[in-house]
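Subject: Structure handover

Hi,

Here is the structure I promised to pass on. Please open it alongside this email. My notes come after it.

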Amino acid sequence: MEISYEEKKKKRIEKYECKDRLNEMEIDKSLKLLKPNSKSVIADIGSGTGVFAFEISKTVDKVFSIERQEMMIDIQRDKISKGEGQNIEILEEDIEGKSFCFKDNFLTGVILITLVHEIEDKDKFINEIYRSLKKEGRVLVIDFKKDEEKLDMGPPLEERINDEEMERLFTDRGFKTIEYSKNMGYYYRYVFEVIK
């Protein structure tokens, strides 16, 4: 028996918004590292169900939630229709290999949750983040550890990016490391700040 679209949405929410996953990602602490305030403009790229976008929307001026999967977008629209995240603009877009729609020096922060390993042209992608960020703008990166003992969740080992390589991807392209944590279960976290 095939499950309904609504049941599929419910299962996605259970998967991406489960308490254990969010606790490992330290969502509150992670978002505070972006130094959000009432004037901040944030882009959550590959935002999924929007859990990070909706959480940070409580403290910033504007959030652009960029997602390409229709079901994830529907989940976010459902939340907005219930009164959450009224300062969130959903951009239905596949950013792979493309220039972002943002002006130069527009964003104060970017959120990348379990996304960077999926991007083929990482150079172009990170260069676009750099272009779009204001001076001292920050990037929050949380991705899967490249650890043979942590393969029961997330992508195969060969698709993962180890933490040192992740740091090089950003520091070789005009960012400095502000924070690094590897004590997050399946994940590691970086916060980078743009140097302009």
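Below is what I found, starting with the strands and ending with a few single residues.

One caution before the details: this is a predicted model.

**Strands and crossovers**

Start with strand E2, residues 62-67. Five of its six residues are buried, so E2 is largely enclosed by the rest of the structure. E2 has parallel partners in E1 and E3. Strand E1, residues 41-45, pairs with E2 over five bridges, in the parallel sense. In that pairing, Ile-45 stands opposite Ile-66 of E2. E2 and E3 also run parallel, and five bridges join them. Here Ser-65 has Ile-90 in E3 as its bridge partner.

Which helices sit in the crossovers? Between E1 and E2 it is H4, residues 51-56, and the three make a right-handed β-α-β unit. E2, H5 and E3 form a right-handed β-α-β unit as well.

**Nonpolar cores**

In soluble globular proteins, nonpolar side chains tend to be buried together. In this model, the largest nonpolar core holds 30 residues. Which of them touch the most other members? They are Ile-45, Leu-112, Phe-125, Val-139 and Phe-170. Several elements feed this core: E1, E2, E4, H6, E5, H7 and E7 each supply at least two residues. E7 gives the most, with four residues.

Ile-45 is a good place to zoom in. Leaving aside neighbours within four places in sequence, Ile-45 is in contact with Ile-66, Ile-95, Phe-100, Val-110, Ile-111, Leu-112, Leu-115 and Phe-125. Ile-66 is thus on two lists: it is a contact of Ile-45 and stands opposite Ile-45 in the strand pairing. Leu-112 and Phe-125 are contacts of Ile-45, and both are named with Ile-45 among the core members that touch the most others.

Another core lies apart from the 30-residue one. This other core has 26 residues, among them Leu-34, Val-63, Phe-144 and Tyr-187.

**Salt bridges**

The count comes to 16 salt bridges. Three pairs and one network are worth a look.

- Arg-68 and Asp-94 meet through their side chains at 3.5 Å, N to O. Arg-68 lies in the loop between E2 and H5, and Asp-94 in the loop between E3 and E4, so the pair ties together parts that are 26 residues apart in sequence. Arg-68 is partly exposed at 48% relative accessibility. Asp-94 is partly exposed too, at 31%.
- Arg-77 and Glu-92 form a salt bridge at 3.7 Å, N to O. The pair links distant parts of the chain, with Arg-77 in helix H5 and Glu-92 in strand E3, 15 residues apart. Arg-77 counts as partly exposed, at 42%.
- Arg-173 bridges to Asp-123, with the closest N and O atoms 2.1 Å apart. Arg-173 lies in the loop between H7 and E6, and Asp-123 in H6, so this pair ties together parts that are 50 residues apart in sequence. Arg-173 is partly exposed at 21% relative accessibility. Asp-123 is partly exposed, with a value of 37%.
- Glu-6, Lys-9 and Asp-78 are linked in a network of salt bridges.

Is Arg-173 buried or partly exposed? The cut-off for buried is under 20%, so at 21% Arg-173 counts as partly exposed.

**Backbone points**

Most residues other than glycine have a negative phi. Which residues are worth checking against that? Glu-26 has a positive phi, near 50°, and is not a glycine. Glu-26 is found in the loop between H2 and H3. Its relative accessibility is 26%, so Glu-26 counts as partly exposed.

Asn-105 also has a positive phi, about 55°, although it is not a glycine. Asn-105 lies in the loop between strands E3 and E4. With a relative accessible area of 41%, Asn-105 is partly exposed.

**One exposed residue**

Last, look at Asp-20 in helix H2, residues 19-24. Asp-20 counts as exposed, at 61% relative accessibility. What separates Asp-20 from Lys-39? They are 19 residues apart along the chain, and their C-alpha atoms are separated by 31 Å.

Best wishes

Terms used. Residues are numbered from 1 along each chain as its sequence is written. This is a predicted model: local features need pLDDT of at least 70, side-chain atom pairs count only at pLDDT 80 or more; totals for chains, interfaces and linings use all residues. Side-chain values use heavy atoms; hydrogens and water are left out. Buried means under 20% relative accessible area, exposed over 50%, partly exposed in between (1.4 Å probe, protein chains only). A salt bridge is a side-chain nitrogen of Lys or Arg within 4 Å of a carboxyl oxygen of Asp or Glu. Two strands pair if DSSP finds at least two bridges between them. A crossover is right-handed if, with the strands pointing away from the viewer, the path from the first strand over the helix to the second runs clockwise. A nonpolar core is a set of buried Ala, Val, Leu, Ile, Met, Phe, Trp, Tyr and Cys residues joined through side-chain atoms within 4.5 Å. Contact means heavy atoms within 4.5 Å.
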